[in-house]
Amino acid sequence: MSECIFCKIVAGEIPSKKIYEDSEFFAFLDIFPAGRGHTLVIPKAHHEDIHSLPEELYGSLAKVAKRVADLLQDKLHSEGTTIFQMNRESGWQTVFHIHMHVIPRWSGDALHKPWDIKPADEAELASLHQLLSE
Ligand code: AMP
Ligand code: ZN
């Protein structure tokens, strides 16, 4: 038996507020929401993170997240949408069953960008570019 809480949600062993389901994916309201309508979209199959997930499945997950984003916008009349997808402990992941956070947004809401805005070092950018494009 899996100890994964999201697998348990898919199996109906832990209750959830489902807002979307198809044969491969499941979406439900986050119980510690970053804002009104904060929804998690997950594959029903257990995969830990972006690096272990097959490429096609990540594409399908993103497609369902878009569908859910549209649904939330239609029903909540949100003004914008922010999507987060955390991977591994260093990437802020706390539940190790891959998921996309779909967060409806309104101007002046309580969510803040999680990084400081400061200009890049030009030499560092150039060396990174060199490394990543060779
Ligand atoms: P992350 O930190 O990206 O791994 O996201 C995990 C998310 O799962 C957090 O936003 C939690 O609030 C949410 N969460 C944890 N347990 C539950 C649950 N039983 N039902 C709904 N959301 C949950
Ligand atoms: Zn799982």
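Colleague: With which side chain does the side chain of His97 make a polar contact?
Modeller: This is a predicted model in which local features need pLDDT of at least 70, side-chain atom pairs count only at pLDDT 80 or more, and totals for chains, interfaces and linings use all residues, while side-chain values use heavy atoms and leave out hydrogens and water. Residues are numbered from 1 along each chain as its sequence is written, with chains lettered from A and ligands numbered from 1 in the order in which they are written. A polar contact is a pair of N or O atoms within 3.5 Å; within protein, one must be able to donate a hydrogen and the other to accept it, and residues adjacent in sequence count only if both atoms are side-chain atoms. At 3.3 Å, the partner of His97 is the side chain of His46.

Colleague: Is His97 buried or exposed?
Modeller: His97 sits in the loop between E4 and E5; helices (H or I, at least four residues) and strands (E, at least two) are DSSP runs numbered from the N terminus. Buried means under 20% relative accessible area, exposed over 50%, and partly exposed in between (1.4 Å probe, protein chains only). With a relative accessible area of 0%, His97 is buried.

Colleague: Which backbone oxygen does the side chain of His97 reach?
Modeller: Contact means heavy atoms within 4.5 Å, and leaving aside residues up to four places away in sequence, the residues that His97 touches include Cys4, Phe6, Cys7, Ile42 and Pro43. One of these also offers its backbone oxygen to the His97 side chain, at 2.8 Å: Pro43.

Colleague: Which residues coordinate the zinc ion (ligand 2)?
Modeller: Donors are N, O and S atoms within 2.8 Å of the metal (3.2 Å for Na, K and Ca), and water is not among the atoms, so sites may look incomplete. Here the donor distances run from 2.0 to 2.3 Å. The coordinating residues are Cys4 (SG), Cys7 (SG), His46 (ND1) and His97 (ND1).

Colleague: And what is the geometry at the zinc ion (ligand 2), given its 4 donor atoms?
Modeller: Four donors count as tetrahedral if all angles lie between 85 and 135 degrees; four count as square planar and six as octahedral if opposite donors are over 155 degrees apart and all others between 65 and 115; anything else is irregular. Around this zinc ion the angles are 105 to 118°, which makes the site tetrahedral.

Colleague: How many residues apart in sequence are the parts that Cys4 and His97 tie together?
Modeller: Along the chain, the donors of the zinc ion (ligand 2) are spaced as C-x2-C-x38-H-x50-H. Cys4 lies in the segment before helix H1 (5–10) and His97 in the loop between strand E4 (80–84) and strand E5 (100–105), so the pair links parts whose separation in sequence is 93 residues.

Colleague: Are Cys4 and Cys7 buried or exposed?
Modeller: Cys4 has 13% relative accessibility, and Cys7 has 18%. Both therefore count as buried.

Colleague: How many disulfides does the structure hold?
Modeller: A disulfide is a pair of cysteine sulfur atoms within 2.5 Å. By that test, the number of disulfides in the structure is 0.

Colleague: Which residue forms a salt bridge with Lys44?
Modeller: A salt bridge is a side-chain nitrogen of Lys or Arg within 4 Å of a carboxyl oxygen of Asp or Glu, and the whole structure has 6 of them. Lys44, in the loop between strand E3 (39–43) and helix H2 (55–76), pairs with a residue of strand E1 (residues 18–21), so the bridge ties together parts 23 residues apart in sequence. With the closest N and O atoms 2.8 Å apart, that partner is Glu21.

Colleague: What about Lys66, which residue is its salt-bridge partner?
Modeller: Lys66 is exposed, at 51% relative accessibility. Its partner lies 4 residues apart from it in helix H2, about one turn of the helix. The closest N and O atoms are 2.7 Å apart, and the partner is Asp70.

Colleague: Which residues do salt bridges that share partners join into one network?
Modeller: Lys18 also bridges to Glu21, with the closest N and O atoms 2.6 Å apart. Since Glu21 bridges to Lys44 as well, the network consists of Lys18, Glu21 and Lys44.
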